[in-house]
Amino acid sequence: MYLGSPALPIKLVPADAVKSLDDIIRKKKRWHKFEIATLKLILVPYFYFNYHYFKEKEKGGEKIIESSVDGFLAMNGETLQIDEETTTLIKENIKAASAEAPGIEFEIIETGIEKKEQETVLKLKLAEYFQISKANVVISSTKKILLPLYKSFVTVEEGTFQVLINAVNGEISGIEKVPARERELIEITKETINELKDPAAWVEYTKGILFETKKIVVPKKMAEKSARESKKSGSGEGFSIDLNFFSSKWILVLIMILALFVIYMALFGRR
């Protein structure tokens, strides 16, 4: 079976795509319980074309071309958006593109642009993209290229989110919308202790402690002012404790150091 247009080569197999997604959700998003829906291969149409545009000026009562620009660009055939990243991807892989259908189930996303409308729409979008007159745009060598993407859904406690995994370079879009799980204090403490086993980590923690300490000292006058105003008004409003303060690794390290100092003084301070 053959496709109507060539598709970029699939370099990432479904199993590796799932593993990549799984790693991000576990390590970066910190979710232990989540679901990844079965991947579905979709082929998204792109119009890859050579463009030329020029600027004119008046000279001797006539318009002459002052400058011109040439290059390649790709436009998403579904969203009708110029996409420079995909342009680079197509340019690097177009020689390996094939019209042979993938060996797994897939769906071709349709474009609303008919062949006779392609040049008109591309000129319009290019003029908008470069903020120039449509009359000064020339389009040539337009090719329809299919970009293979794996579509899936990630479900966590906060909800379900769609993600797209580029089957050519492995880039994942939509994952940024998946919220990270808030860690419990015990998790942060364990992680901090493990990191402190590396002497190199102490340099970063020292910087962090100094930064957090500065954050405490700077608002001190503001807090004192608020307390004085509350006292004058005879109310206790305006006084609160932000427990998130203790979720900082730097503060945990500071508490550990102080605790060790107290223990040391209790054991050896009287000698």
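**Figure 1. Strands S7 and S8 pair through eight bridges and run antiparallel.** This is a predicted model, in which local features need pLDDT of at least 70, side-chain atom pairs count only at pLDDT 80 or more, and totals for chains, interfaces and linings use all residues. Residues are numbered from 1 along each chain as its sequence is written, and side-chain values use heavy atoms, with hydrogens and water left out. Strands (E, at least two residues) and helices (H or I, at least four) are DSSP runs, numbered from the N terminus. Two strands count as paired if DSSP finds at least two bridges between them. A hairpin of two residues connects S7 to S8. Val156 faces Gly159 of S8. S8 is also joined to strand S9 (residues 172–173), by two bridges in antiparallel sense. Here Leu164 has Ser173 of S9 as its bridge partner. The S8–S9 hairpin has five residues between its strands, and Gly170 there takes a positive phi near 80°.

**Figure 2. Ser152 is a buried residue of S7.** Its relative accessibility is 0%, so Ser152 counts as buried. Buried means under 20% relative accessible area, exposed over 50%, and partly exposed in between (1.4 Å probe, protein chains only). A polar atom of the Ser152 side chain lies 2.7 Å from the backbone oxygen of Ala37. Contact means heavy atoms within 4.5 Å. Neighbours within four places in sequence aside, Ser152 is in contact with Ile36, Ala37, Thr38 and Leu39 on one stretch of sequence, and with Phe161, Gln162 and Val163 on another.

**Figure 3. The largest nonpolar core has 24 residues.** A nonpolar core is a set of buried Ala, Val, Leu, Ile, Met, Phe, Trp, Tyr and Cys residues joined through side-chain atoms within 4.5 Å. Leu21, Ile165 and Ile175 have the most contacts inside this core. Two or more residues come from each of strand S1 (2–7), helix H1 (14–28), S3, S7 and strand S8 (159–166). Leu21 is in contact with Ile36, Val154, Val163, Ile165, Ile172 and Ile175, leaving aside neighbours within four places in sequence. A second, separate core has 15 residues, among them Tyr53, Met75, Ile82 and Leu126.

**Figure 4. Helix H3 packs its buried residues against three named strands.** H3 covers residues 118–130. The expected span of a helix is 1.5 Å times one less than its number of residues. For the 13 residues of H3 this gives 18 Å, and the end C-alpha atoms are 18 Å apart, which agrees. Gln118, Val121, Leu122, Lys125, Leu126 and Ala127 are the buried residues of H3. They pack against strand S3 (40–59), strand S4 (62–76) and strand S7 (137–156). Gln131 follows H3 and has a positive phi, near 55°.

**Figure 5. Leu8 lies within 7.3 Å of Ile90, C-alpha to C-alpha.** These two residues are 82 apart in sequence. Ile90 sits in helix H2. Its relative accessible area is 1%, so Ile90 is buried. Beyond neighbours within four places in sequence, Ile90 is in contact with Leu8, Tyr46, Tyr48, Ala74 and Ile145. Ala96 belongs to the loop between H2 and strand S5 (98–100). Ala96 is partly exposed, at 46% relative accessible area. The C-alpha atoms of Ala96 and Leu8 are separated by 6.7 Å, with their places 88 residues apart along the chain.

**Figure 6. Arg30 and Leu80 both have a positive phi.** Most residues other than glycine have a negative phi. Arg30 is not a glycine, yet its phi is about 65°. Arg30 lies in the loop between H1 and strand S2 (35–36). With a relative accessible area of 25%, Arg30 is partly exposed. Leu80 is not a glycine either, and its phi is about 60°. Leu80 lies in the loop between S4 and helix H2 (84–93). Leu80 is partly exposed, with a relative accessible area of 25%.

**Figure 7. The whole protein has seven helices and nine strands.** Of its 271 residues, 33% are buried. Among contacts between residues at least 6 apart in sequence, 70% join residues at least 24 apart. The accessible surface comes to about 18,400 Å², and 56% of this belongs to carbon and sulfur atoms. Accessible areas come from the Shrake-Rupley method with a 1.4 Å probe; for residues, only the protein chains shown count as cover.

Conventions
A polar contact is a pair of N or O atoms within 3.5 Å; within protein, one must be able to donate a hydrogen and the other to accept it, and residues adjacent in sequence count only if both atoms are side-chain atoms.
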